[in-house]
Amino acid sequence: MAIASVDKQRLVVFDTSLRDGEQSPGVSLNTDEKIVIAKQLSRLGVDVIEAGFPIASIGDFEAVQRIAREVGPLMEGREHIGEPITICGLARATPGDIKRCAEAIADAPRRRIHTFLATSDIHLKHKLKIDRDECIKRAVEAVTLARSFVDDVEFSCEDAGRSDPEFLCKVLGEVIAAGATTLNIPDTVGYNLPEEYGALIKHLVENTPGADKVVFSTHCHNDLGLATANTLSGIKNGARQVEVTINGIGERAGNTAMEEVIMAVHTHPTGFPVYHNINTRLIYPTSVLVSDLSGMVVQPNKAIVGRNAFLHESGIHQDGVLKNRQTYEIISAETVGVTDIALVLGKHSGRNAFRERCKELGYATINEEEFQKAFVDFKTLCDKKKNIDNDDILSILSNYNTKPSSHVEL
C-alpha cells in the first residue's frame with residue numbers, strides 16, 4: 001500500500017470487473033462467483049465496486065442486490081481504510097434504469113449510482129439521434145433523479161475522448177450543478193494518445209464550472225494498447241479516480257488493468273501526486289481468482305500478473321538475478337503476492353543458473369568436472385526439448401558418479 005502524505009491526494013480505485021469486465025466475449029459469471037470476487041476486491045482495498053447493470057436482467061439485478069447486502073458492509077481487510085467499500089450500479093440516463101439501480105444498491109452502507117450518456121457528435125447524430133441541447137437536458141434530468149436516491153452520483157460522458165472539449169465543459173458544469181459528485185471521462189473506443197487524453201483531463205479540470213467540487217475519473221479502453229498509459233496521464237493531469245479491471249478484462253481489447261496502474265504508482269512514488277489503499281500483496285491471488293472464475297486466461301507475458309512476469313531464462317539475466325534480483329527486477333515478486341518463482345532453465349540459461357538448480361535438487365557437492373559434463377548434456381537436451389523440468393536434470397545427473405548431498409522432495 002502506498003503511504004499517504006500531506007502533499008498527495010487519495011486515488012479512488014473503481015473496479016468494474018463485474019460490469020465492464022464481464023462484457024468480455026465468452027465471460028458469464030453466476031451470482032455466487034460474483035460474490036466471491038466482490039469479497040476479494042473488498043479485501044484487496046478497492047474503493048468502489050461497479051457490481052453490475054441492474055436493468056440488464058433479473059440475474060444482474062439480483063447479483064448487484066446480493067453484493068450490496070453481503071459485501072457492502074464488510075470490513076475484513078479494510079481496517080486501515082476505515083470504511084466499507086462503495087457498491088455502485090450502472091444506469092443509462094433514463095428513469096427506469098436509475099430507479100432499478102437505486103433499488104438494487106439500496107442495502108449497501110455506501111452506495112453510488114453511475115449514469116451515462118454519450119456526448120460525442122458521432123454518437124449524438126448516429127446512435128441517439130439528438131442534438132447537443134437535448135443531450136444536456138437528459139444528462140441533467142438523469143443526475144437530478146439519481147441524486148434523489150443517493151448522495152453519491154457519478155456521471156459519464158460516453159465517448160468523451162472524441163467529444164468537443166468545450167461542449168464537455170458545458171455538459172459537466174450542468175451535471176455538477178444538478179448534484180453529480182464524480183465525473184467520468186471515458187476513452188470509450190481506445191482512440192486517444194496519452195498526451196491527448198492527459199490534455200483533455202487538464203482542460204476539463206481547469207475550465208469546467210464547479211470542477212473543484214467533484215472528482216474527475218478515467219475510464220480507458222485498450223484498443224491501441226494505451227489504456228494504462230492514458231490512465232496514468234489522466235492521473236498526472238488531475239484525475240483522482242481510475243476505473244479499472246483485474247487482468248484488464250473487458251470487451252474488445254479490454255479495459256485498463258488495475259495491477260498495472262497501481263504498480264506504476266507504487267514503483268514511482270515521486271512520480272504521481274496520489275496514494276492508494278490497495279494491498280499489493282493480494283494482487284496476484286486476485287488475478288488468479290478472476291482468471292479461474294471468468295475463464296479468461298492471463299497471457300504468460302502479461303505485466304505484473306503473467307506467469308512469466310518474474311521468470312528469467314536468459315543466462316545473462318539469470319546470472320544477474322542470482323547475484324541481486326534488482327539487476328533485472330524493478331518489482332519484487334512478493335510485493336504483488338507471487339511466491340512460487342524460479343529460474344526457468346532452457347537453452348539460454350548459463351552455468352550459474354544450472355549450478356543453482358543442481359544445488360536445489362540436492363547436488364550441492366558435485367565435482368567441477370562432472371558439473372561441466374552435465375552442463376554440456378543439459379545444453380544438448382535443450383536443443384531437442386522445449387521445456388526442461390527437474391526430472392530431466394536429475395536424469396542427466398544420474399549419468400555421473402555424483403550422489404545427492406541430501407534427500408530432496410520434488
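## Exercises on strands, cores and salt bridges

At 44% relative accessibility, glutamate 141 counts as partly exposed, the class between buried (under 20% relative accessible area) and exposed (over 50%), with a 1.4 Å probe and protein chains only. The model is predicted, so local features need pLDDT of at least 70 and side-chain atom pairs pLDDT 80 or more, while totals for chains, interfaces and linings use all residues. Residues are numbered from 1 along each chain as its sequence is written, and side-chain values use heavy atoms, leaving out hydrogens and water.

**Exercise 1.** Find the salt-bridge partner of glutamate 141 and place the pair in the fold.

*Solution.* Start with the rule: a salt bridge has a side-chain nitrogen of Lys or Arg within 4 Å of a carboxyl oxygen of Asp or Glu. Glutamate 141 meets this with lysine 137, their closest N and O atoms being 2.9 Å apart. Next, locate both in helix 5 (residues 132-147); they are 4 residues apart, and so separated by about one helical turn. Helices (H or I, at least four residues) and strands (E, at least two) are DSSP runs, numbered from the N terminus. Lastly, check lysine 137: it is partly exposed, at 43%.

**Exercise 2.** Work out which parts the salt bridge of aspartate 32 and arginine 66 ties together.

*Solution.* First, the N to O distance is 2.9 Å. Then place the ends: aspartate 32 is in helix 1 and arginine 66 in helix 2 (residues 58-70), so the bridge ties together parts 34 residues apart in sequence. Arginine 66 is partly exposed, with a relative accessible area of 29%.

**Exercise 3.** Trace the surroundings of strand 2 (residues 12-15).

*Solution.* Begin with the side chains: Val12 and Phe14 point one way, Val13 and Asp15 the other, and all are buried. Now look for pairing, which requires at least two DSSP bridges between two strands. Strand 2 runs parallel to strand 9 (residues 241-244), joined by 4 bridges, and phenylalanine 14 has glutamate 243 as its bridge partner there. Strand 3 (residues 48-52) is also parallel to strand 2, with 2 bridges.

**Exercise 4.** Describe the largest nonpolar core.

*Solution.* Such a core is a set of buried Ala, Val, Leu, Ile, Met, Phe, Trp, Tyr and Cys residues joined through side-chain atoms within 4.5 Å. The largest has 89 residues, and Phe155, Leu172, Ile185 and Ile283 have the most contacts inside it. Helix 6 (residues 165-178) gives the most to this core, with 8 residues.
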